[in-house]
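Subject: Structure handover

Hello,

Here is the structure I said I would pass on. Please look it over before reading the notes below it.

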Amino acid sequence: MMTDALNTLTIHEARDKLRAGEITAAELTEACLSAIEAAGALNAFVHLTPEIARAQAKAADQRLREGEDAPALTGIPLGIKDLFCTRGVPSQAASAILKGFKPGYESTVTQNLWDAGAVMLGKLNMDEFAMGSSNETSTYGHAVNPWRRAGDDTPLSPGGSSGGSAAAVAAGLCLGATGTDTGGSIRQPAAFTGITGLKPTYGRCSRWGIIAFASSLDQAGPMTRDVRDAAIMLGAMCGPDDKDSTCADLPVPDFEAALTGDIRGKKIGIPREYRLDGMPDEIEKLWRQGAEMLRDAGAEIVDISLPHTKYALPAYYVIAPAEASSNLARYDGVRYGHRARLEAGEGIVEMYEKTRAEGFGDEVQRRVMVGTYVLSAGFYDAYYNRARRVRALIKRDFEQVFAEGVEAILTPATPSAAFGIGEMADADPVKMYLNDVFTVTVNLAGLPGISLPAGLDAQGLPLGLQLIGRPWEEGDLLNIAQALESRAAFVARPEKWW
Amino acid sequence: MSIDTETARKVAHLARIRVEEERLPALAQEFSAILGFIEELNEVDVEGVEPMVSVSPMRLKRRKDVVTDGNRQEEILANAPDAREGFFAVPKVVE
(Lines give C-alpha, C1' and ligand atoms only; values in the text may rest on other atoms or scores of the structure.)
Protein backbone atom coordinates (compact mmCIF):
# COMPACT_ATOMS: atom_id res chain seq x y z
CA MET A 1 0.00 0.00 0.00
CA MET A 2 2.89 2.30 0.78
CA THR A 3 3.90 2.69 -2.87
CA ASP A 4 0.34 3.57 -3.88
CA ALA A 5 0.50 6.76 -1.87
CA LEU A 6 3.94 7.91 -3.06
CA ASN A 7 2.48 9.73 -6.04
CA THR A 8 0.39 11.94 -3.74
CA LEU A 9 3.35 13.28 -1.74
CA THR A 10 4.30 16.92 -2.00
CA ILE A 11 7.66 17.69 -3.58
CA HIS A 12 9.20 18.67 -0.22
CA GLU A 13 7.91 15.51 1.49
CA ALA A 14 9.31 13.36 -1.31
CA ARG A 15 12.61 15.27 -1.27
CA ASP A 16 13.04 14.63 2.44
CA LYS A 17 12.18 10.93 2.10
CA LEU A 18 14.54 10.53 -0.88
CA ARG A 19 17.39 12.22 0.96
CA ALA A 20 16.76 10.11 4.05
CA GLY A 21 16.83 6.97 1.90
CA GLU A 22 13.28 5.99 2.94
CA ILE A 23 12.16 5.77 -0.70
CA THR A 24 13.88 5.65 -4.06
CA ALA A 25 13.31 7.77 -7.15
CA ALA A 26 12.58 4.54 -9.04
CA GLU A 27 9.71 3.66 -6.66
CA LEU A 28 8.35 7.18 -6.79
CA THR A 29 8.46 7.19 -10.59
CA GLU A 30 6.74 3.80 -10.86
CA ALA A 31 3.98 5.02 -8.51
CA CYS A 32 3.34 8.00 -10.80
CA LEU A 33 3.46 5.91 -13.98
CA SER A 34 0.87 3.52 -12.49
CA ALA A 35 -1.34 6.41 -11.41
CA ILE A 36 -1.15 7.88 -14.92
CA GLU A 37 -2.02 4.53 -16.50
CA ALA A 38 -5.15 4.32 -14.33
CA ALA A 39 -6.21 7.89 -15.10
CA GLY A 40 -6.93 7.73 -18.82
CA ALA A 41 -10.37 9.21 -18.15
CA LEU A 42 -8.75 12.51 -17.15
CA ASN A 43 -6.93 12.81 -20.50
CA ALA A 44 -4.25 14.85 -18.71
CA PHE A 45 -1.12 13.18 -20.13
CA VAL A 46 -1.07 13.15 -23.93
CA HIS A 47 2.45 11.80 -24.61
CA LEU A 48 4.08 9.47 -22.08
CA THR A 49 7.85 9.11 -21.73
CA PRO A 50 8.35 6.14 -19.37
CA GLU A 51 11.79 5.23 -20.80
CA ILE A 52 13.11 8.73 -20.16
CA ALA A 53 11.50 8.75 -16.71
CA ARG A 54 13.04 5.43 -15.68
CA ALA A 55 16.50 6.44 -16.93
CA GLN A 56 16.33 9.77 -15.11
CA ALA A 57 15.06 8.08 -11.93
CA LYS A 58 17.98 5.65 -12.06
CA ALA A 59 20.43 8.53 -12.45
CA ALA A 60 18.72 10.37 -9.58
CA ASP A 61 19.04 7.38 -7.26
CA GLN A 62 22.73 7.20 -8.15
CA ARG A 63 23.13 10.93 -7.41
CA LEU A 64 21.29 10.58 -4.08
CA ARG A 65 23.50 7.67 -3.05
CA GLU A 66 26.69 9.47 -3.98
CA GLY A 67 26.33 12.75 -2.18
CA GLU A 68 24.37 14.82 0.22
CA ASP A 69 24.35 17.84 -2.05
CA ALA A 70 21.84 16.49 -4.61
CA PRO A 71 19.56 19.38 -5.68
CA ALA A 72 16.02 19.61 -4.25
CA LEU A 73 14.34 18.17 -7.34
CA THR A 74 16.57 15.09 -7.59
CA GLY A 75 14.27 12.18 -8.37
CA ILE A 76 11.05 14.24 -8.37
CA PRO A 77 8.65 13.15 -11.19
CA LEU A 78 7.10 16.05 -13.08
CA GLY A 79 4.66 16.55 -15.96
CA ILE A 80 5.49 19.03 -18.73
CA LYS A 81 2.94 21.15 -20.56
CA ASP A 82 2.90 20.33 -24.28
CA LEU A 83 3.95 23.94 -25.02
CA PHE A 84 7.54 23.20 -23.91
CA CYS A 85 9.89 21.81 -26.54
CA THR A 86 11.46 18.61 -25.27
CA ARG A 87 14.18 16.95 -27.34
CA GLY A 88 12.98 14.02 -29.42
CA VAL A 89 9.56 14.01 -27.69
CA PRO A 90 6.37 15.25 -29.42
CA SER A 91 5.84 18.93 -28.58
CA GLN A 92 2.84 20.21 -30.47
CA ALA A 93 1.13 22.87 -28.31
CA ALA A 94 -2.02 20.70 -28.52
CA SER A 95 -2.34 21.74 -32.17
CA ALA A 96 -2.92 19.59 -35.25
CA ILE A 97 -0.60 21.90 -37.18
CA LEU A 98 2.39 20.58 -35.18
CA LYS A 99 1.40 16.93 -35.44
CA GLY A 100 4.52 14.79 -35.58
CA PHE A 101 6.87 17.62 -34.61
CA LYS A 102 9.79 16.42 -32.51
CA PRO A 103 12.16 19.23 -31.54
CA GLY A 104 15.90 18.70 -31.90
CA TYR A 105 16.43 20.86 -28.80
CA GLU A 106 15.27 21.29 -25.23
CA SER A 107 13.59 24.38 -23.74
CA THR A 108 15.71 26.22 -21.17
CA VAL A 109 13.14 25.71 -18.40
CA THR A 110 12.91 21.94 -18.89
CA GLN A 111 16.70 21.65 -19.28
CA ASN A 112 17.06 23.50 -15.95
CA LEU A 113 14.64 21.01 -14.36
CA TRP A 114 16.54 17.97 -15.69
CA ASP A 115 19.84 19.52 -14.57
CA ALA A 116 18.28 19.82 -11.10
CA GLY A 117 17.60 16.08 -11.16
CA ALA A 118 13.87 16.05 -12.00
CA VAL A 119 12.20 13.15 -13.82
CA MET A 120 10.00 13.68 -16.93
CA LEU A 121 6.84 11.56 -16.97
CA GLY A 122 5.47 13.00 -20.22
CA LYS A 123 3.63 15.87 -21.87
CA LEU A 124 0.41 17.40 -20.62
CA ASN A 125 -2.81 18.46 -22.30
CA MET A 126 -3.62 22.15 -22.80
CA ASP A 127 -5.67 24.53 -24.93
CA GLU A 128 -4.33 24.79 -28.47
CA PHE A 129 -1.36 27.23 -28.49
CA ALA A 130 -2.44 28.14 -24.91
CA MET A 131 -5.50 29.96 -26.30
CA GLY A 132 -8.42 29.07 -24.08
CA SER A 133 -9.68 28.89 -20.51
CA SER A 134 -11.21 25.40 -20.49
CA ASN A 135 -8.79 23.02 -22.23
CA GLU A 136 -11.54 22.46 -24.82
CA THR A 137 -9.59 23.84 -27.79
CA SER A 138 -7.01 20.99 -27.61
CA THR A 139 -6.47 18.73 -30.61
CA TYR A 140 -6.18 15.84 -28.12
CA GLY A 141 -9.71 16.44 -26.79
CA HIS A 142 -10.37 18.13 -23.46
CA ALA A 143 -8.75 17.17 -20.16
CA VAL A 144 -11.18 16.49 -17.30
CA ASN A 145 -11.16 18.01 -13.83
CA PRO A 146 -10.68 15.34 -11.12
CA TRP A 147 -13.20 17.33 -9.02
CA ARG A 148 -16.96 16.83 -9.41
CA ARG A 149 -19.91 18.66 -7.92
CA ALA A 150 -21.30 16.82 -4.89
CA GLY A 151 -23.72 14.10 -5.96
CA ASP A 152 -23.35 14.94 -9.64
CA ASP A 153 -21.10 13.26 -12.20
CA THR A 154 -21.14 16.01 -14.83
CA PRO A 155 -17.59 16.21 -16.20
CA LEU A 156 -16.05 19.58 -15.32
CA SER A 157 -13.37 21.59 -17.07
CA PRO A 158 -9.97 21.74 -15.33
CA GLY A 159 -9.65 25.28 -16.68
CA GLY A 160 -7.05 26.38 -19.18
CA SER A 161 -4.87 26.74 -20.86
CA SER A 162 -2.71 24.63 -18.48
CA GLY A 163 -5.66 22.28 -17.85
CA GLY A 164 -3.75 19.01 -18.20
CA SER A 165 -1.07 20.26 -15.79
CA ALA A 166 -3.72 21.25 -13.23
CA ALA A 167 -5.67 17.97 -13.54
CA ALA A 168 -2.47 15.89 -13.26
CA VAL A 169 -1.23 17.65 -10.12
CA ALA A 170 -4.68 17.61 -8.47
CA ALA A 171 -5.17 13.90 -9.23
CA GLY A 172 -1.73 12.87 -7.95
CA LEU A 173 -0.37 11.76 -11.34
CA CYS A 174 2.83 13.75 -10.83
CA LEU A 175 4.30 15.75 -7.95
CA GLY A 176 4.37 19.02 -9.86
CA ALA A 177 3.95 20.30 -13.41
CA THR A 178 5.11 23.16 -15.59
CA GLY A 179 2.52 25.63 -16.81
CA THR A 180 2.60 28.83 -18.80
CA ASP A 181 0.53 31.93 -18.19
CA THR A 182 -0.26 34.61 -20.78
CA GLY A 183 -3.53 35.92 -19.29
CA GLY A 184 -4.22 33.54 -16.41
CA SER A 185 -3.38 30.11 -17.85
CA ILE A 186 -1.58 28.92 -14.70
CA ARG A 187 -3.69 30.64 -12.03
CA GLN A 188 -7.21 29.93 -13.36
CA PRO A 189 -6.73 26.13 -13.79
CA ALA A 190 -4.94 26.00 -10.42
CA ALA A 191 -8.01 27.62 -8.84
CA PHE A 192 -10.38 25.23 -10.67
CA THR A 193 -8.53 22.16 -9.37
CA GLY A 194 -7.59 23.16 -5.82
CA ILE A 195 -3.84 23.46 -6.37
CA THR A 196 -1.22 26.23 -6.22
CA GLY A 197 -0.08 28.01 -9.39
CA LEU A 198 2.56 30.73 -9.64
CA LYS A 199 3.15 33.07 -12.56
CA PRO A 200 6.55 34.67 -11.94
CA THR A 201 7.63 38.19 -12.88
CA TYR A 202 7.96 38.58 -16.67
CA GLY A 203 11.60 37.72 -17.43
CA ARG A 204 12.15 35.46 -14.40
CA CYS A 205 11.97 32.25 -16.49
CA SER A 206 13.49 31.98 -19.94
CA ARG A 207 10.97 31.68 -22.77
CA TRP A 208 13.48 29.92 -25.01
CA GLY A 209 12.03 26.70 -26.40
CA ILE A 210 8.52 27.47 -25.19
CA ILE A 211 6.20 27.66 -28.19
CA ALA A 212 5.31 31.36 -28.37
CA PHE A 213 1.77 32.74 -28.03
CA ALA A 214 2.14 36.43 -27.01
CA SER A 215 5.79 37.14 -26.35
CA SER A 216 5.38 40.24 -24.17
CA LEU A 217 2.99 38.37 -21.83
CA ASP A 218 4.04 34.68 -21.82
CA GLN A 219 5.74 33.40 -18.69
CA ALA A 220 6.35 29.86 -17.41
CA GLY A 221 5.74 28.86 -13.81
CA PRO A 222 5.22 25.96 -11.42
CA MET A 223 1.91 24.20 -10.64
CA THR A 224 2.15 22.31 -7.37
CA ARG A 225 0.26 20.97 -4.37
CA ASP A 226 1.42 23.68 -1.97
CA VAL A 227 3.29 26.96 -1.70
CA ARG A 228 6.57 25.42 -0.49
CA ASP A 229 6.62 23.20 -3.59
CA ALA A 230 6.06 26.25 -5.81
CA ALA A 231 9.08 27.92 -4.17
CA ILE A 232 11.27 24.85 -4.71
CA MET A 233 10.19 24.29 -8.30
CA LEU A 234 10.46 27.96 -9.31
CA GLY A 235 14.03 28.04 -7.99
CA ALA A 236 14.94 25.17 -10.31
CA MET A 237 13.10 26.51 -13.38
CA CYS A 238 14.34 30.10 -13.54
CA GLY A 239 17.63 31.92 -14.00
CA PRO A 240 19.50 33.99 -16.58
CA ASP A 241 19.61 32.68 -20.14
CA ASP A 242 21.56 34.08 -23.06
CA LYS A 243 19.08 32.49 -25.47
CA ASP A 244 16.21 34.80 -24.35
CA SER A 245 17.09 38.49 -24.46
CA THR A 246 14.10 39.34 -22.22
CA CYS A 247 15.19 36.88 -19.52
CA ALA A 248 16.53 38.85 -16.56
CA ASP A 249 20.19 38.72 -15.58
CA LEU A 250 19.33 38.38 -11.93
CA PRO A 251 20.68 35.81 -9.48
CA VAL A 252 18.12 33.22 -8.35
CA PRO A 253 17.25 33.80 -4.70
CA ASP A 254 16.53 30.90 -2.34
CA PHE A 255 12.75 31.17 -2.56
CA GLU A 256 12.18 28.41 0.00
CA ALA A 257 14.32 30.28 2.54
CA ALA A 258 11.96 33.26 2.13
CA LEU A 259 9.16 31.20 3.73
CA THR A 260 9.65 32.49 7.25
CA GLY A 261 5.97 32.56 8.19
CA ASP A 262 6.39 36.10 9.47
CA ILE A 263 4.26 38.67 7.63
CA ARG A 264 3.70 41.06 10.54
CA GLY A 265 3.38 44.65 9.41
CA LYS A 266 3.06 43.75 5.70
CA LYS A 267 0.68 46.05 3.89
CA ILE A 268 -1.80 44.09 1.74
CA GLY A 269 -4.05 45.97 -0.69
CA ILE A 270 -7.67 45.10 -1.50
CA PRO A 271 -8.49 46.67 -4.88
CA ARG A 272 -12.06 47.97 -5.00
CA GLU A 273 -12.29 47.63 -8.80
CA TYR A 274 -12.11 43.83 -8.47
CA ARG A 275 -15.54 43.77 -6.85
CA LEU A 276 -17.64 42.92 -9.89
CA ASP A 277 -21.37 43.22 -10.39
CA GLY A 278 -22.95 39.80 -10.28
CA MET A 279 -19.96 38.20 -8.55
CA PRO A 280 -21.16 35.11 -6.63
CA ASP A 281 -21.56 35.70 -2.87
CA GLU A 282 -19.31 32.74 -2.16
CA ILE A 283 -16.40 34.38 -3.96
CA GLU A 284 -17.01 37.69 -2.22
CA LYS A 285 -17.12 35.89 1.14
CA LEU A 286 -13.96 33.92 0.46
CA TRP A 287 -12.16 37.11 -0.48
CA ARG A 288 -13.23 38.75 2.82
CA GLN A 289 -12.15 35.69 4.77
CA GLY A 290 -8.76 35.73 3.02
CA ALA A 291 -8.23 39.33 4.09
CA GLU A 292 -9.20 38.37 7.66
CA MET A 293 -6.69 35.52 7.67
CA LEU A 294 -3.89 37.83 6.55
CA ARG A 295 -4.89 40.35 9.20
CA ASP A 296 -4.81 37.53 11.73
CA ALA A 297 -1.24 36.79 10.62
CA GLY A 298 -0.28 40.35 11.45
CA ALA A 299 -0.64 42.03 8.06
CA GLU A 300 -2.18 45.44 7.63
CA ILE A 301 -5.14 45.38 5.22
CA VAL A 302 -5.71 48.53 3.19
CA ASP A 303 -8.26 49.48 0.52
CA ILE A 304 -6.62 50.48 -2.73
CA SER A 305 -7.72 51.60 -6.17
CA LEU A 306 -6.47 50.31 -9.53
CA PRO A 307 -8.61 52.58 -11.71
CA HIS A 308 -7.83 51.11 -15.14
CA THR A 309 -8.71 47.51 -14.21
CA LYS A 310 -11.83 47.34 -16.37
CA TYR A 311 -9.79 48.06 -19.49
CA ALA A 312 -7.35 45.21 -18.93
CA LEU A 313 -9.34 42.53 -20.77
CA PRO A 314 -10.07 44.65 -23.86
CA ALA A 315 -6.39 45.73 -23.99
CA TYR A 316 -5.34 42.11 -23.64
CA TYR A 317 -7.64 41.05 -26.48
CA VAL A 318 -5.83 43.48 -28.78
CA ILE A 319 -2.24 42.86 -27.66
CA ALA A 320 -2.35 39.06 -27.28
CA PRO A 321 -3.98 38.33 -30.69
CA ALA A 322 -1.68 40.88 -32.37
CA GLU A 323 1.41 39.14 -31.03
CA ALA A 324 -0.11 35.71 -31.75
CA SER A 325 -0.83 36.57 -35.39
CA SER A 326 2.83 37.43 -35.79
CA ASN A 327 4.20 34.46 -33.80
CA LEU A 328 1.94 31.93 -35.54
CA ALA A 329 2.91 33.13 -39.03
CA ARG A 330 5.68 30.51 -38.88
CA TYR A 331 3.17 27.63 -39.20
CA ASP A 332 3.01 27.56 -42.96
CA GLY A 333 3.54 23.91 -43.85
CA VAL A 334 7.16 24.42 -44.92
CA ARG A 335 9.52 23.70 -42.03
CA TYR A 336 7.57 21.46 -39.66
CA GLY A 337 4.21 19.94 -38.90
CA HIS A 338 1.18 19.59 -41.11
CA ARG A 339 1.06 20.45 -44.83
CA ALA A 340 -2.24 20.33 -46.72
CA ARG A 341 -2.59 18.13 -49.79
CA LEU A 342 -2.84 20.30 -52.90
CA GLU A 343 -5.03 19.88 -55.98
CA ALA A 344 -3.57 20.15 -59.46
CA GLY A 345 -2.85 23.78 -60.30
CA GLU A 346 -2.73 24.98 -56.70
CA GLY A 347 0.38 26.92 -55.71
CA ILE A 348 2.13 28.18 -52.63
CA VAL A 349 -0.58 30.62 -51.48
CA GLU A 350 -3.15 27.80 -51.55
CA MET A 351 -0.67 25.67 -49.63
CA TYR A 352 -0.41 28.28 -46.86
CA GLU A 353 -4.14 28.94 -46.72
CA LYS A 354 -5.24 25.30 -46.74
CA THR A 355 -2.51 24.20 -44.32
CA ARG A 356 -3.48 26.85 -41.78
CA ALA A 357 -7.23 26.24 -42.22
CA GLU A 358 -6.74 22.50 -41.63
CA GLY A 359 -4.11 22.80 -38.92
CA PHE A 360 -5.48 25.56 -36.67
CA GLY A 361 -8.64 25.09 -34.59
CA ASP A 362 -11.47 27.64 -34.51
CA GLU A 363 -10.27 29.69 -31.53
CA VAL A 364 -6.71 29.93 -32.85
CA GLN A 365 -7.98 30.97 -36.30
CA ARG A 366 -10.23 33.58 -34.71
CA ARG A 367 -7.40 35.11 -32.67
CA VAL A 368 -4.91 35.07 -35.54
CA MET A 369 -7.45 36.89 -37.70
CA VAL A 370 -8.37 39.42 -34.98
CA GLY A 371 -4.65 40.06 -34.51
CA THR A 372 -4.17 40.47 -38.24
CA TYR A 373 -7.04 42.96 -38.34
CA VAL A 374 -5.84 45.15 -35.44
CA LEU A 375 -2.35 45.30 -36.94
CA SER A 376 -3.55 46.03 -40.48
CA ALA A 377 -2.95 49.34 -42.22
CA GLY A 378 -5.35 52.02 -41.01
CA PHE A 379 -6.20 50.28 -37.71
CA TYR A 380 -2.79 49.96 -36.09
CA ASP A 381 -3.03 53.26 -34.20
CA ALA A 382 -6.70 52.97 -33.30
CA TYR A 383 -6.37 49.49 -31.82
CA TYR A 384 -2.83 48.32 -31.23
CA ASN A 385 -1.17 51.57 -30.16
CA ARG A 386 -4.18 52.57 -28.05
CA ALA A 387 -4.08 49.18 -26.29
CA ARG A 388 -0.37 49.59 -25.58
CA ARG A 389 -1.06 53.04 -24.08
CA VAL A 390 -3.81 51.62 -21.86
CA ARG A 391 -1.37 48.88 -20.86
CA ALA A 392 1.08 51.55 -19.69
CA LEU A 393 -1.71 53.04 -17.53
CA ILE A 394 -2.57 49.64 -16.04
CA LYS A 395 1.06 49.15 -15.09
CA ARG A 396 1.19 52.66 -13.62
CA ASP A 397 -1.83 51.85 -11.39
CA PHE A 398 0.20 49.07 -9.78
CA GLU A 399 3.37 51.16 -9.52
CA GLN A 400 1.46 53.83 -7.63
CA VAL A 401 0.07 51.45 -4.99
CA PHE A 402 3.46 49.78 -4.56
CA ALA A 403 5.04 53.22 -4.14
CA GLU A 404 2.57 53.85 -1.32
CA GLY A 405 4.03 50.88 0.54
CA VAL A 406 1.63 48.11 -0.50
CA GLU A 407 3.60 44.85 -0.63
CA ALA A 408 0.98 42.51 -2.08
CA ILE A 409 -2.58 42.65 -3.40
CA LEU A 410 -5.30 40.13 -2.56
CA THR A 411 -8.05 39.33 -5.12
CA PRO A 412 -10.24 36.37 -6.07
CA ALA A 413 -8.51 34.09 -8.61
CA THR A 414 -11.55 33.47 -10.82
CA PRO A 415 -15.12 34.79 -11.08
CA SER A 416 -16.56 31.26 -10.57
CA ALA A 417 -15.70 27.68 -9.66
CA ALA A 418 -15.02 25.13 -12.44
CA PHE A 419 -17.77 24.96 -15.06
CA GLY A 420 -18.96 21.90 -16.97
CA ILE A 421 -17.34 20.68 -20.18
CA GLY A 422 -19.32 22.15 -23.06
CA GLU A 423 -21.25 24.59 -20.84
CA MET A 424 -19.62 27.56 -22.52
CA ALA A 425 -19.95 26.15 -26.04
CA ASP A 426 -22.92 28.31 -27.01
CA ALA A 427 -21.63 31.45 -25.33
CA ASP A 428 -19.97 34.04 -27.54
CA PRO A 429 -16.14 34.05 -27.31
CA VAL A 430 -16.13 37.16 -25.12
CA LYS A 431 -17.92 35.31 -22.30
CA MET A 432 -15.11 32.76 -22.11
CA TYR A 433 -12.58 35.61 -22.08
CA LEU A 434 -14.16 36.93 -18.83
CA ASN A 435 -12.60 33.99 -16.96
CA ASP A 436 -9.35 35.93 -16.98
CA VAL A 437 -10.81 39.13 -15.53
CA PHE A 438 -8.82 38.94 -12.27
CA THR A 439 -5.61 37.50 -13.68
CA VAL A 440 -4.95 39.36 -16.93
CA THR A 441 -3.90 42.68 -15.32
CA VAL A 442 -0.92 40.85 -13.79
CA ASN A 443 0.39 39.76 -17.21
CA LEU A 444 -0.10 43.22 -18.70
CA ALA A 445 1.95 44.72 -15.85
CA GLY A 446 4.55 41.89 -15.88
CA LEU A 447 4.04 41.17 -12.16
CA PRO A 448 4.24 37.90 -10.21
CA GLY A 449 0.89 36.39 -9.17
CA ILE A 450 -0.03 33.26 -7.28
CA SER A 451 -3.32 31.41 -7.00
CA LEU A 452 -3.93 29.13 -4.03
CA PRO A 453 -6.94 27.12 -2.87
CA ALA A 454 -8.77 28.77 0.00
CA GLY A 455 -12.16 27.08 0.31
CA LEU A 456 -14.96 25.04 -1.25
CA ASP A 457 -18.19 26.34 -2.75
CA ALA A 458 -21.65 25.02 -1.85
CA GLN A 459 -21.25 22.26 -4.46
CA GLY A 460 -17.97 21.11 -2.99
CA LEU A 461 -15.72 22.61 -5.67
CA PRO A 462 -12.45 24.41 -4.85
CA LEU A 463 -12.20 28.20 -5.00
CA GLY A 464 -8.94 30.10 -5.21
CA LEU A 465 -7.56 33.41 -4.06
CA GLN A 466 -4.87 35.34 -5.88
CA LEU A 467 -2.00 37.33 -4.40
CA ILE A 468 -0.15 39.77 -6.66
CA GLY A 469 3.39 40.82 -5.74
CA ARG A 470 5.96 43.44 -6.62
CA PRO A 471 8.30 42.76 -9.56
CA TRP A 472 11.13 40.32 -8.69
CA GLU A 473 9.73 39.82 -5.16
CA GLU A 474 8.48 36.25 -5.62
CA GLY A 475 10.11 35.27 -2.33
CA ASP A 476 8.07 37.82 -0.39
CA LEU A 477 4.94 36.90 -2.36
CA LEU A 478 5.40 33.19 -1.60
CA ASN A 479 5.90 33.97 2.09
CA ILE A 480 2.62 35.92 2.23
CA ALA A 481 0.91 33.14 0.24
CA GLN A 482 2.12 30.55 2.72
CA ALA A 483 0.77 32.58 5.64
CA LEU A 484 -2.61 32.56 3.90
CA GLU A 485 -2.28 28.86 3.02
CA SER A 486 -1.61 27.81 6.59
CA ARG A 487 -4.66 29.71 7.85
CA ALA A 488 -7.00 28.61 5.04
CA ALA A 489 -5.91 25.04 5.85
CA PHE A 490 -7.32 23.71 2.58
CA VAL A 491 -6.96 19.92 2.81
CA ALA A 492 -9.85 18.71 0.63
CA ARG A 493 -8.93 16.32 -2.18
CA PRO A 494 -11.08 15.16 -5.09
CA GLU A 495 -12.76 11.83 -4.46
CA LYS A 496 -11.27 9.29 -6.86
CA TRP A 497 -13.79 8.27 -9.56
CA TRP A 498 -11.43 7.76 -12.52
CA MET B 1 -17.77 48.86 -35.30
CA SER B 2 -19.37 46.20 -37.39
CA ILE B 3 -17.35 44.03 -39.74
CA ASP B 4 -18.88 43.08 -43.08
CA THR B 5 -18.38 39.88 -45.04
CA GLU B 6 -15.99 41.56 -47.45
CA THR B 7 -13.70 42.69 -44.62
CA ALA B 8 -13.81 39.21 -43.08
CA ARG B 9 -12.73 37.75 -46.43
CA LYS B 10 -9.88 40.25 -46.70
CA VAL B 11 -8.65 39.58 -43.15
CA ALA B 12 -8.77 35.80 -43.68
CA HIS B 13 -6.63 36.20 -46.78
CA LEU B 14 -4.17 38.52 -45.01
CA ALA B 15 -3.86 35.88 -42.26
CA ARG B 16 -3.41 33.17 -44.93
CA ILE B 17 -6.30 31.09 -43.58
CA ARG B 18 -8.80 29.66 -46.05
CA VAL B 19 -12.36 30.36 -44.92
CA GLU B 20 -15.20 28.89 -46.97
CA GLU B 21 -17.62 31.41 -48.44
CA GLU B 22 -20.58 30.21 -46.35
CA ARG B 23 -18.55 30.63 -43.10
CA LEU B 24 -17.78 34.32 -43.77
CA PRO B 25 -21.00 35.93 -42.43
CA ALA B 26 -20.71 34.09 -39.07
CA LEU B 27 -17.02 35.00 -38.87
CA ALA B 28 -17.81 38.65 -39.55
CA GLN B 29 -20.30 38.53 -36.69
CA GLU B 30 -17.73 37.03 -34.28
CA PHE B 31 -15.23 39.73 -35.25
CA SER B 32 -17.85 42.40 -34.63
CA ALA B 33 -18.57 41.04 -31.14
CA ILE B 34 -14.87 40.96 -30.23
CA LEU B 35 -14.19 44.41 -31.68
CA GLY B 36 -17.24 45.80 -29.86
CA PHE B 37 -15.67 44.55 -26.64
CA ILE B 38 -12.31 46.08 -27.57
CA GLU B 39 -13.88 49.45 -28.31
CA GLU B 40 -14.30 50.12 -24.59
CA LEU B 41 -10.69 51.26 -24.86
CA ASN B 42 -11.91 54.43 -26.56
CA GLU B 43 -13.24 55.65 -23.19
CA VAL B 44 -9.71 55.92 -21.79
CA ASP B 45 -7.83 59.21 -21.87
CA VAL B 46 -4.43 58.24 -23.26
CA GLU B 47 -3.25 61.76 -24.03
CA GLY B 48 0.50 62.01 -23.48
CA VAL B 49 0.91 58.31 -22.59
CA GLU B 50 3.61 56.46 -24.51
CA PRO B 51 2.67 53.00 -25.85
CA MET B 52 4.34 50.36 -23.68
CA VAL B 53 7.22 48.59 -25.41
CA SER B 54 8.50 46.38 -22.62
CA VAL B 55 7.14 45.50 -19.17
CA SER B 56 10.54 45.62 -17.49
CA PRO B 57 12.52 48.83 -17.85
CA MET B 58 15.59 46.98 -19.03
CA ARG B 59 17.89 47.17 -21.99
CA LEU B 60 17.80 44.04 -24.07
CA LYS B 61 20.88 41.91 -23.64
CA ARG B 62 23.44 41.96 -26.41
CA ARG B 63 26.18 39.56 -27.34
CA LYS B 64 29.19 39.59 -29.64
CA ASP B 65 28.23 39.33 -33.30
CA VAL B 66 29.87 35.96 -33.84
CA VAL B 67 28.68 32.57 -35.08
CA THR B 68 27.56 30.43 -32.13
CA ASP B 69 25.73 27.66 -33.90
CA GLY B 70 25.53 25.94 -37.27
CA ASN B 71 26.15 22.81 -39.34
CA ARG B 72 22.81 21.30 -38.43
CA GLN B 73 21.22 20.95 -41.85
CA GLU B 74 20.00 17.42 -41.24
CA GLU B 75 18.51 18.27 -37.84
CA ILE B 76 16.75 21.35 -39.20
CA LEU B 77 15.23 19.48 -42.13
CA ALA B 78 14.22 16.49 -39.99
CA ASN B 79 10.73 17.88 -39.26
CA ALA B 80 10.00 19.20 -42.77
CA PRO B 81 6.91 17.81 -44.55
CA ASP B 82 8.96 17.80 -47.77
CA ALA B 83 12.76 18.16 -47.93
CA ARG B 84 14.95 17.33 -50.91
CA GLU B 85 18.69 17.54 -51.49
CA GLY B 86 19.27 19.59 -48.37
CA PHE B 87 16.45 22.08 -48.98
CA PHE B 88 12.87 22.67 -47.88
CA ALA B 89 10.68 21.84 -50.87
CA VAL B 90 7.58 23.88 -51.73
CA PRO B 91 5.24 24.06 -54.75
CA LYS B 92 6.56 25.98 -57.71
CA VAL B 93 6.70 29.72 -56.88
CA VAL B 94 8.06 31.20 -60.13
CA GLU B 95 6.48 30.37 -63.49
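The notes below cover a sheet in chain A, a helix packed on that sheet, and a helix contact between chains A and B. Please keep in mind that this is a predicted model.

The sheet

Chain A has an open sheet of eleven strands with mixed pairing, in the order E1-E3-E2-E4-E6-E5-E10-E11-E9-E7-E8. Its edges are strand E1 (45-48) and strand E8 (300-304); each has a single partner strand, so one side of each lacks a neighbour in the sheet. From one strand to the next, the twist averages 30°.

Within this sheet, strand E4 (residues 176-181) and strand E6 (residues 219-224) of chain A run antiparallel and are joined by six bridges. Opposite A:Thr180 stands A:Ala220 in E6(A).

Helix H6 (residues 163-170) of chain A packs on the sheet, where H6 touches E1, strand E2 (77-81), strand E3 (119-124), E4 and E6 of chain A. The direction of H6 makes about 155° with that of E4(A).

Between the chains

Helix H12 (residues 362-375) of chain A meets helix H1 (residues 5-14) of chain B: their axes come within 9 Å and cross at roughly 100°. Angles of 65 to 115 degrees count as roughly perpendicular, and H12(A) and H1(B) are therefore roughly perpendicular to each other. On the H12(A) side the contact is made by A:Met369, A:Thr372 and A:Tyr373, and on the H1(B) side by B:Val11, B:Ala12 and B:Leu14. Five of the residues in this contact are nonpolar, one is polar and none is charged.

Regards

Conventions
Residues are numbered from 1 along each chain as its sequence is written. Chains are lettered from A and ligands numbered from 1 in the order in which they are written. This is a predicted model: local features need pLDDT of at least 70, side-chain atom pairs count only at pLDDT 80 or more; totals for chains, interfaces and linings use all residues. Axes are lines fitted to C-alpha atoms, for helices over the stretch in contact, and angles run from 0 to 180 degrees between N-to-C directions. Helices (H or I, at least four residues) and strands (E, at least two) are DSSP runs, numbered from the N terminus. Angles under 35 degrees count as roughly parallel, over 145 as roughly antiparallel, 65 to 115 as roughly perpendicular and the rest as oblique. Two residues are in contact if their C-beta atoms, placed from the backbone, lie within 7 Å. Ala, Val, Leu, Ile, Met, Phe, Trp, Tyr, Cys and Pro count as nonpolar, Asp, Glu, Lys and Arg as charged, and the others, Gly among them, as polar. Two strands pair if DSSP finds at least two bridges between them.
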